[in-house]
Amino acid sequence: MVPLSLPLSTLLKHRDCLQKATVFYNVLHQRPWKRDFGAVSAGVGQLLSHQPTAKNYAASVCSSSSDGRDTTDKLWSVYHETKRQTEDLIQVISTNSVNPDTIFANNEMSLRDIEIYGFDYDYTLAFYSSHLHTLIFNIARDILISKHRYPEGLRKYEYIPNFAVRGLHYDVQKALLMKIDAFHYIQLGTVYRGLNPVPDEEVIAMYEGSHVPLEIMSDFYGKSTHGHTMKQFMDIFSLPEMTLLSCVNDFFMRHNIDYEPVHLYKDVKEAIRDVHVKGIMYRAVEADIEKYVCYGEQSHAVLKKLSEHGKKMFLITNSPFDFVNRGMTYIVGKDWRELFDVVIVQADKPSFFNDRRKPFRRVTDKGALLWDRIHRLDKGQIYKQGNLYEFLRLTGWRGSKVLYFGDHIYSDLADLTLKHGWRTGAIIPELRKEIKIMNTEQYVHVMTWLQSLTGLIEQMQVHRDPASQAVVDEWIREREAMKPQTKDIFNAQFGSLFRTYHNPTYFSRRLSRFADIYMASISCLLNYDLQHTFFPRRTPLQHESPFWPEYSPAGLNVSSRLHRSKAESD
């Protein structure tokens with residue numbers, strides 16, 4: 001994990017100030033740039049042209065002094081100089097942005113090695129409008145009232161589109177929705193009971209701190225089972241479920257109704273399940289597909305590109321055939337099945353990847369199930385259920401020549417990468433929105449100064465005299481006051497899908513473990529040829545120097561000279 005703070009070069013005592021400033025620039029956002037390396041190197045070099053003065057500030061502050069007033073004055077001098085140079089650095093960073101259509105790598109992977117491409121359907125090939133979440137919420141809310149005899153007053157609650165984010169945890173027994181980081185710590189300020197935040201002091205009292213012990217965390221697939229009291233919501237379809245849980249909790253609390261949180265969780269879970277299992281959602285989408293399905297011409301282009309290059313393709317989805325057929329006909333056309341070598345519906349992932357007992361059944365175009373034993377998986381046919389072990393035996397598609405895409409990190413990707421050695425690609429639609437926010441001037445300004453201020457505190461905390469400590473304490477308060485801004489800019493309640501204030505989220509931890517690559521949509525593949533190799537950036541470990549040759553100003557200048565030389569020769 002990249003350190004949160006790299007001390008700004010104005011505070012460093014080393015001679016490689018320019019190099020480390022360039023590293024700071026590159027590491028700050030931990031992301032690939034639309035680079036003009038020559039301009040960046042020149043810009044950083046220019047803004048650090050007054051470096052010796054700043055170094056003298058740091059050196060003089062770090063020297064012993066009997067005059068407390070003199071020390072605090074110098075501390076504030078370093079603070080203001082750091083702020084000034086940070087403002088200059090912001091101008092350089094703001095001229096660069098992340099391309100939302102980039103494919104990001106957790107693990108080195110070359111498309112040259114991929115012979116077979118597999119896909120989930122929902123939120124991988126088919127993307128849905130916001131109307132679908134409203135539909136799921138309304139149907140499940142009405143099921144609670146009609147089937148489980150919940151109060152009629154719940155009908156007044158409407159779906160809140162921007163309330164929850166994916167990857168949150170829900171404490172079933174305490175009825176609390178929250179975000180947890182990669183180290184099992186609750187992000188204070190993101191704990192909600194109903195639709196209202198829970199004060200930090202109350203959270204700390206309930207959990208005897210902010211750490212969630214392993215034994216009450218969700219199981220491998222994010223579920224609350226076998227004594228685990230935490231449920232993690234990992235798929236996009238769970239957004240209406242989290243919102244409904246919060247709304248029902250809110251209603252009971254507002255009306256002072258005594259209720260059992262465990263029963264509430266199970267009832268909401270069952271209502272949401274009924275929306276899917278009983279086909280209510282499927283029929284509604286099929287009846288008005290233009291309202292719910294975003295036209296997927298780019299998904300069609302990806303499939304066509306892979307087919308033209310002779311790649312094998314298959315589809316494994318939990319959705320029923322009629323629903324998939326209607327959607328794929330809308331997205332691709334009536335001949336969509338000709339693109340796939342194998343199509344499996346109602347696969348019941350993730351048990352599809354683990355349970356050897358379920359055999360495949362062939363499904364007719366009219367949805368009838370045939371009883372004959374399956375000896376091969378034929379192109380153009382539709383199969384139901386089955387299991388991965390039988391799939392591997394019948395196709396021979398094993399190991400790292402297979403790349404499978406899905407949106408659910410657990411159900412789609414975890415077993416494939418851990419047990420079967422397939423390469424995996426995570427589809428994270430939220431990524432596009434978050435990158436656009438990260439590209440804004442507001443975000444760049446807040447994060448650059450927050451990083452610089454953190455580095456300043458890290459360097460100057462060595463001064464333990466009361467006057468100096470009072471200055472550092474003031475900087476710490478400023479830093480604490482800025483941290484909520486880094487959350488609210490993404491989502492007022494829960495912040496970014498990928499980070500707590502500075503640590504990766506629990507979602508990010510699982511994403512980095514189970515996905516070789518990740519992207520906002522399958523259409524990102526259109527930006528790369530099928531010989532492309534994806535390289536994860538070598539971000540420094542905590543004990544490593546945050547400097548790599550490829551980031552050095554000299555290296556950048558060599559690169560720019562090579563480009564100029566090539567252009568001149570052309």
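Reader: How many bridges join strand β15 (residues 402-406) to strand β16 (residues 423-427)?

Author: Let's start with the general idea: strands of a sheet pair through backbone hydrogen bonds, either parallel or antiparallel. Here β15 and β16 run parallel, with four bridges joining them. In one of those places, Phe405 has Gly425 in β16 as its bridge partner. A pairing needs at least two bridges found by DSSP between the two strands. Strands are DSSP runs of E with at least two residues, helices are runs of H or I with at least four, and both are numbered from the N terminus.

Reader: Before we go on, what kind of model is this?

Author: It's a predicted model: local features need pLDDT of at least 70 and side-chain atom pairs count only at pLDDT 80 or more, while totals for chains, interfaces and linings use all residues. Residues are numbered from 1 along each chain as its sequence is written, and side-chain values use heavy atoms, leaving out hydrogens and water.

Reader: What is the strand order in the open sheet of nine strands?

Author: Reading across, the order is β1-β17-β16-β15-β3-β11-β12-β14-β13, and the pairing is mixed. At the edges sit β1 (104-105) and β13 (360-363), each of which pairs on one side only. For the wider setting, the protein has 19 helices and 18 strands.

Reader: Which residues are buried on the two faces of strand β12?

Author: In a regular strand the side chains alternate between the two faces of the sheet. In β12 (residues 342-345), Val342 and Ile344 are on one side, Val343 and Val345 are on the other, and all of them are buried. "Buried" is under 20% relative accessible area, "exposed" is over 50%, and "partly exposed" is in between, using a 1.4 Å probe and protein chains only. Across the protein, 55% of the 570 residues are buried.

Reader: And which way do β12 and strand β14 pair?

Author: β12 pairs with β14 (residues 382-385) in the parallel sense, over three bridges, and Val345 stands opposite Lys384 there. β12 also runs parallel to β11 (residues 312-316), again with three bridges, and Leu315 is set opposite Val343. Helix α12 (residues 321-331) goes with β11 and β12 to make a right-handed β-α-β unit. Right-handed here refers to a clockwise path from the first strand over the helix to the second, with the strands pointing away from the viewer.

Reader: Now a helix. How many of the 16 residues of α5 are buried?

Author: 12 of the 16, so α5 is largely enclosed by the rest of the structure. Among them are Leu132, Phe137, Arg141 and Ile145. The cover for the buried residues includes α7 (238-254), α8 (261-277) and β4 (127-128). The length of α5 (residues 131-146) agrees with expectation too: at 1.5 Å a residue it should span 22 Å, and its end C-alpha atoms are 22 Å apart. The expected span is 1.5 Å times one less than the number of residues.

Reader: How many salt bridges does the count come to?

Author: Side chains of opposite charge can pair when their charged atoms come close. The count is 29, where a salt bridge is a side-chain nitrogen of Lys or Arg within 4 Å of a carboxyl oxygen of Asp or Glu. Asp415 and Lys419 make one of them, with their closest N and O atoms 3.5 Å apart. Both lie in α14 (residues 409-419), four residues apart, or about one turn of the helix.

Reader: Is Asp415 buried or exposed?

Author: Asp415 is buried, at 2% relative accessible area. Compare the salt bridge of Asp378 with Arg376, whose closest N and O atoms are 2.9 Å apart: Asp378 is partly exposed at 27%, and Arg376 is exposed at 57%.

Reader: Last one: which residues is Asn106 in contact with, leaving aside its neighbours within four places in sequence?

Author: A contact is heavy atoms within 4.5 Å. Asn106, in the loop between β1 and β2 (109-110), touches Leu511, Ser512, Ala515, Asp516, Tyr518 and Pro536. Asn106 and Tyr518 are 412 residues apart in sequence, yet their C-alpha atoms are 7.9 Å apart. Asn106 is partly exposed, at 26% relative accessible area. Protein-wide, of the contacts with a separation of 6 or more, 75% are between residues 24 or more positions apart.
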